[in-house]
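Biologist: Hi! Could you pull up the model so we can go through it together?
Modeller: Sure, here it comes.

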Amino acid sequence: MHDLHSFSWYAKQIKPHLPKGVFKPVPTRLFGGLAYVIVTIAAFLTIGLFELHPLLNLTLSVIIGFSFAGLGFLGHEILHGTVVRKPWLRDLLGAIAFFPLSTGPKLWRKWHNMIHHVHTQHEEKDPDAWPTLEKISKMKIFHWVYRLPLFVRATFAFASLAVQFSAHSLKMFFTYVKEFKPKKQPVVWLQVVLPWGFWISLLFVMGFTNWLFAFFIPLLIANLIVMGYISTNHRLNPITPINDPLANSLTVTVPKWVDVLHFNFSYHTEHHLFPGMNPKYYPLVKEQIKKFWPERYHEMPLGEALLALWKTPRVYYKDNKLADPKYGKLYRSLGSGLDPKNIKFRRLKLRK
C-alpha cells in the first residue's frame, strides 16, 4: 500500500477546488423519495385489493423491492444531514425512508455515521469490517465453514445478501442499544420495534400470500440491491490502521439512470471523503480525486466488483491480503496487486 493519509487530509486538498455551495443541504432530493412512497403504496393497494395473477404480483414485488432499496439509499443520505439540517426533521424523514428496512435513525447514525465512518476498515473498531485470520481462528464454527470450497462459500455468501442488511441491522441494534443513555434507550427500541411490528401485523391484515408479495419478497429484493453495493464498498480493500478512503474504499460505476434511481450511492470513496456533502455533487469530487491521486483511486463496474468478490475469500491476512485458510491460498487486495480482471493466488502454509 501507499503511505496512508486520513480522510481529512484528502478533503483539505480537494475542498478549495470545489464550487461554493456544495456543502449545503439539497431538500429537493425528497421528491425522489416521495415518488418511491407513492409507487409503494399504489403497489401495496393493488396487491391487497385485486386478485391478480401471481406473475403480476411478482412484478409488483420487484417494483416495491426497488422502491424499498431506493428509500434506503435516500435514508442514508438524509441521516448524514445532506438533505435537511434540523435534527428532528432529519430523524423523522430518515425513519420514514428506513421504515421498509426496519432500521431506526438513532441506531443508524451511531453505527454508521459515528463508528463505521470514523473507523472504516479498522480490524477492531469498524463493525462492518470482515475478520482477520487471527480472529476467526478462535471461532469454532468458522473452522468448519472454511473447510468448504471457496465456490460453495461464495454461493452461500451471495445468497445471504438477500437477508444480510436486515440481519446485520438487528445485530448492530443489540450491539449498541446499551451504549445509548438510559433516557434514550426506549426511543431506540421503539424505532426498531415499531416498523417490525407494523410489517408483521400487516401479515394478518393482508393474508399470508398477499403479504409475501407485498413485503417479504420485496424485502429480500431490497436487501439484494442494497447489499450489492455495500458488499463492494470495502470488502476488496485492505484493512487499514489509518482511515484512508482512497486505500480502504471502492467506487463502483453503474449506468447514469441507475445512479439517478439510487441517489449516487455508487460514489463510495467520495462519500467517505465528504459524508456531509450531498451525493448530488460527488461527480465533482471524483474529478478532483482523479486529478490529484489517479494512481490511488479505486473504481470499477459494479458487475466486475461483484465477480471479484465471488472469486476471493473474505478473511484478512496481514491487513492487505485475503486468505483461504483451509487451502492455504493468499489473494491480494486492491492497492496491493489485486487485478479484478485476472485474479491470482499464491500458496502459503497457514497456521490453522
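Biologist: Let's start with Phe 263: is it buried or exposed?
Modeller: Phe 263 is buried, at a relative accessible area of 7%. Keep in mind that this is a predicted model.

Biologist: Thanks! Where is Phe 263 found?
Modeller: Phe 263 is in the loop between α12 (256–261) and α13 (268–273). Its phi is positive, about 55°, although Phe 263 is not a glycine.

Biologist: And what about phi of Asn 264?
Modeller: That one is positive too, near 60°, and again the residue is something other than glycine. Asn 264 is found in the loop between α12 and α13.

Biologist: Buried or exposed, that Asn 264?
Modeller: Asn 264 counts as buried, with 7% relative accessibility.

Biologist: Back to the aromatics. What does Phe 73 touch?
Modeller: Leaving aside residues up to four places away in sequence, Phe 73 touches Ile 225, Val 226, Tyr 229, His 262, Phe 263 and Phe 265. So our loop residue Phe 263 is one of the contacts of Phe 73.

Biologist: Nice. Which residues of the largest nonpolar core touch the most other members?
Modeller: Phe 44, Phe 73, Phe 165, Tyr 229 and Leu 236 do, in a core of 67 residues.

Biologist: Which elements give two or more residues to this core?
Modeller: They are α2 (30–49), α3 (54–79), α4, α5, α8, α9 (185–206), α10 (208–233) and α15 (302–311). The most comes from α10, which gives eleven residues.

Biologist: Is there anything apart from that core, and what is in it?
Modeller: Another core, of 17 residues, lies apart from it, and its members include Val 22, Val 26, Tyr 281 and Trp 293.

Biologist: Switching to α8: where does Ser 166 sit, and what does it touch?
Modeller: Ser 166 lies in helix α8, which covers residues 150–176. Not counting residues up to four places away in sequence, Ser 166 touches Leu 219 and Asn 223. Ser 166 is buried, with a relative accessible area of 8%.

Biologist: Last topic: at what angle do α4 and α5 pack?
Modeller: Helix α4 (residues 87–98) and helix α5 (residues 105–116) pack at about 95°, and their axes are 9 Å apart. That angle makes α4 roughly perpendicular to α5.

Biologist: Which residues make the contact?
Modeller: From α4 there are Arg 90, Asp 91, Ala 95 and Phe 98, and from α5 there are Pro 105, Lys 106, Trp 108 and Arg 109.

Biologist: And by class, how many are nonpolar, polar or charged?
Modeller: The contact of α4 with α5 has four nonpolar and four charged residues, with no polar ones.

Conventions. Residues are numbered from 1 along each chain as its sequence is written. This is a predicted model: local features need pLDDT of at least 70, side-chain atom pairs count only at pLDDT 80 or more; totals for chains, interfaces and linings use all residues. Side-chain values use heavy atoms; hydrogens and water are left out. Axes are lines fitted to C-alpha atoms, for helices over the stretch in contact, and angles run from 0 to 180 degrees between N-to-C directions. Helices (H or I, at least four residues) and strands (E, at least two) are DSSP runs, numbered from the N terminus. Angles under 35 degrees count as roughly parallel, over 145 as roughly antiparallel, 65 to 115 as roughly perpendicular and the rest as oblique. Contact means heavy atoms within 4.5 Å. Ala, Val, Leu, Ile, Met, Phe, Trp, Tyr, Cys and Pro count as nonpolar, Asp, Glu, Lys and Arg as charged, and the others, Gly among them, as polar. Buried means under 20% relative accessible area, exposed over 50%, partly exposed in between (1.4 Å probe, protein chains only). A nonpolar core is a set of buried Ala, Val, Leu, Ile, Met, Phe, Trp, Tyr and Cys residues joined through side-chain atoms within 4.5 Å.
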